[in-house]
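Welcome! Please take a moment to look over the sequence and the 3D view, and then let us walk through them together.

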Amino acid sequence: MTELHPDLRENVRLLGDLLGQSILRFPGQDCYDRIEEIRAAAKADRRQESGSGQRLVKLLGQLSDDELLPVTRAFNQFLNLANLAEQYHGIRRKQGHPSDLVVESLGDVFDRLKSGGIDPEELHRKVADLRIEFVLTAHPTEVARRTLILKYDEMSDCLSRLDHDDLMPGEREEIVDRLSLLIAEAWHTDEIRHERPTAVDEAKWGFAVIENSLWQALPKFLRSLDTSLSEATGQGLPLQVSPIRIASWMGGDRDGNPNVTHEVTREVFLLGRWMAADLYLRDIQALRAELSMWQASDELRAEVGDSREPYRQVLAQLRERLIKTRDWAEASVKGEPADDSGTLFENEDLTGPLELCYRSLVDCGLETIANGPLLDTIRRAHTFGLPLIRLDIRQEASRHAEAVAEMVNYLGLGDYLSWSEQERQAFLVKELKGRRPLVPRNWQPSEPVREVLATCEVVAGQTPEALGSYVISMASKPSDVLNVILLLREAGMAFPMRVVPLFETLDDLKGAPDSMAALYEVDWYREYCSGRQEVMIGYSDSSKDAGQLMAAWAQYQAQEKLTEVANRYGVHLTLFHGRGGTVGRGGGPANRAILSQPPGSVNGSFRITEQGEMIRFKFGLPRLAVQSLTLYTTAVIEATLAPPPVPKDEWREVMDWLTERSLRSYREVVRENPDFVPYFRQVTPETALGKLALGSRPARRKATGGVESLRAIPWIFAWTQMRLMLPSWLGSDVALEEAAQADRLPELREMMQGWPFFRTYVDMLEMVLAKADLRIASYYEQTLVEDEQLLALGQSLRQRLQGCIERLLELKQQQTLLEQEPVFAHSMKVRNPYTDPLHYLQAELLRRDRESEGAGKVPEMVERALKVTMAGISAGMRNTG
């Protein structure tokens, strides 16, 4: 097995030693010795693969209540530090070791495409027209507190400063001292949030990602894209294009979250404008120091007269307006009277003066200066705009139908909800073609409808640059889309907003192509959308509904057919991928996922959700963000210009054969076995997850109910915590077993060879199986399952997991899992001695927690330590949900 890169191993050791020094100072030697003894026992137990963790369990059982918290915190902190070292290693400056994470450069990809026959002119056009949009969502999967994230970021900076061969001993000592201090501060900081963040807090966290990382990363990435494009095609990136966009659901996603109201959405829009004005002010101050030249074009002179420092004068005027904009936004947030005269609203008010300066410098032969920091600010202005982030709105289809129904009822036009789809469409199109307002002034709607209308009013008051998409969950027919457009128009919307149906369950995905064809049949709508449509594919709920294999195949087929339907109607389709961080929710390496999409479905435009801890792992540091932007961009360009081949018909038949078996076996367990929900509740920490103040959304859509009422994130989180990883493999086990029995594995190997979609699926399955751990899952069951009748189900699931591993190894013709991914395998191995104690502790703490709840009071130390185990295991697994 490949060892860790020596520099990475050195950094992990350094961070671990410094943490050890903090523990020695407090709580002291005894605690430190106890932690080291537990770690050694965990390592020894792992070496005896057949061992059952007995020595480790015995040691953990001897911990007093007072020792529980420091021990769990120590293992949690180490895992966070190991993640930090790995994350830094991926972007470190001294590259060149074969195990380093290297992202293929833009130039290499462009050269490969050209040598594959792509015309440079075509390449330039596709890159210039590129539209990749990252949608930051506040799904509650970021366990680490923001306070600690900032400390981890500075620690990463210290590792970067140590990464030089020419440091003097005193310089090195100074950096290590700072690192030691940061680790001590982190050790003495409570890692658990006690207050659930509000939707506005979540939005501020999204803005902070832009301020601390993307603000620097984006222009840097665009410089690199400009240079590579120029070298490959002879033409650079046009000044006004923005191939990358950043949108957000934080403060806009109200589906199943009663905490996101129209007031919250309004506040988030204003905070975005405040933050943007503040960031541009910093840029303008720096530019005023840079642009001290006196040569200027006639165009610029016409604006400023005979000024000796014409650029500074233009920038001073812009600065005044930015200050007014910031003051106006701040007063508006506080609800104070706000003067909006002189504020910047339209994007051209910002880009105009900057581009005037740029053209003038170029005209005067000062192109080098024009292409300095001024160009970076212009690129930011076109990407982030004055709103900073494009806010999506998401709401459930029935809420809009109810709003229209109340209006129709009030006007005495009938019972809208009982009308057929054809009747609804006819009414909606007639109203949309007409000019009269539908909502009477003195009408008093019900409270839920008033909230829908108030949200539409807030949206209608924004500029186009402030808005992303209006996403409709549970959408299934054209009237679901037309309802929203009518409500927005009634609220005073002056321009067409993108309205995006979301298809997420298995039935939704199957019905999606027909739904969209019916929508495109509406002539009025085709004109409204100007030949461009976005459709969102939900990964989480389809996987929970049908199992991972069936969901992946249904998503693939839906995307194929949606692309065909859009082409038939002459509509350019953008697919919006609602992926989570875990494989069970559509996650996994981004470039592989994009390159395995159906041919033609990535047509120069791509939209994807990035959420929770994945935002930090991909965009948390500027250099990391540049790397992620490069990875996505190269994959989207390649999938557009050199898509994978169309799968053979016989491969499709094999997929139908496999998924018929996987779906049946998945639902037999999850839906039909009466023991399943009680087993799930007892063996996983699902019932305790509510204790973690992770996000503003409730964990359940309904307070009671089975698996179907549980959100996808806690569903995955719970199984990951106890290492059965069930959502990602259940169903695939039976499909692979029956394929082996029917002697079909050679066909599957051929599919892996020739079909990126299937290859990616198998690789993702292998990654999940490598994270599963039968010994740990069995320990949770022994400790937590009280009903003996449930044990048979547990034993059967573990046997099925073992069988799935064996069949996968047979399919890939390997002896062990992750043979092709030695770095990932070793990373898991390094983490095990730190995650194992947390698992055994968690099972014991859950038992105590449940007993104490039965007695009426849970000791604070038990509850705090339990929360820390959840955070630590999440760090060890590198994801939550």
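A good place to begin is the split between inside and outside: of the 881 residues in the protein, 62% are buried. Keep in mind as you look that this is a predicted model. The surface that the protein does expose comes to about 34600 Å², with carbon and sulfur atoms supplying 48% of it.

Now for the overall build. The protein has 37 helices and eight strands. Its radius of gyration is 28 Å, close to the 29 Å that the globule rule gives for 881 residues, so the protein is as compact as a globular protein of that length. Measured out along the principal axes, the C-alpha trace spans about 80 × 75 × 60 Å. Among contacts with a separation of 6 or more, 82% join residues that lie 24 or more positions apart.

Where do the strands go? Eight strands form a closed barrel, with parallel pairing, in the order S1-S2-S3-S4-S5-S6-S7-S8. From one strand to the next, the twist averages 25°.

For a closer look, pick out strand S4 (residues 467-473) and strand S5 (residues 498-503), which pair in the parallel sense over four bridges. Here Ser469 stands opposite Arg498 in S5.

Helices pack against this sheet too. Helix H25 (residues 612-619) touches strand S1 (131-137) and strand S8 (605-611), and its direction makes about 115° with that of S8. Helix H26 (residues 622-641) lies across S1, strand S2 (244-248) and S8, and runs at about 135° to S1.

Technical notes:
Residues are numbered from 1 along each chain as its sequence is written. This is a predicted model: local features need pLDDT of at least 70, side-chain atom pairs count only at pLDDT 80 or more; totals for chains, interfaces and linings use all residues. Side-chain values use heavy atoms; hydrogens and water are left out. Two strands pair if DSSP finds at least two bridges between them. Helices (H or I, at least four residues) and strands (E, at least two) are DSSP runs, numbered from the N terminus. Axes are lines fitted to C-alpha atoms, for helices over the stretch in contact, and angles run from 0 to 180 degrees between N-to-C directions. Contact means heavy atoms within 4.5 Å. The radius of gyration is taken over C-alpha atoms; the globule rule is 2.2 Å times the number of residues to the power 0.38. Buried means under 20% relative accessible area, exposed over 50%, partly exposed in between (1.4 Å probe, protein chains only). Accessible areas come from the Shrake-Rupley method with a 1.4 Å probe; for residues, only the protein chains shown count as cover.
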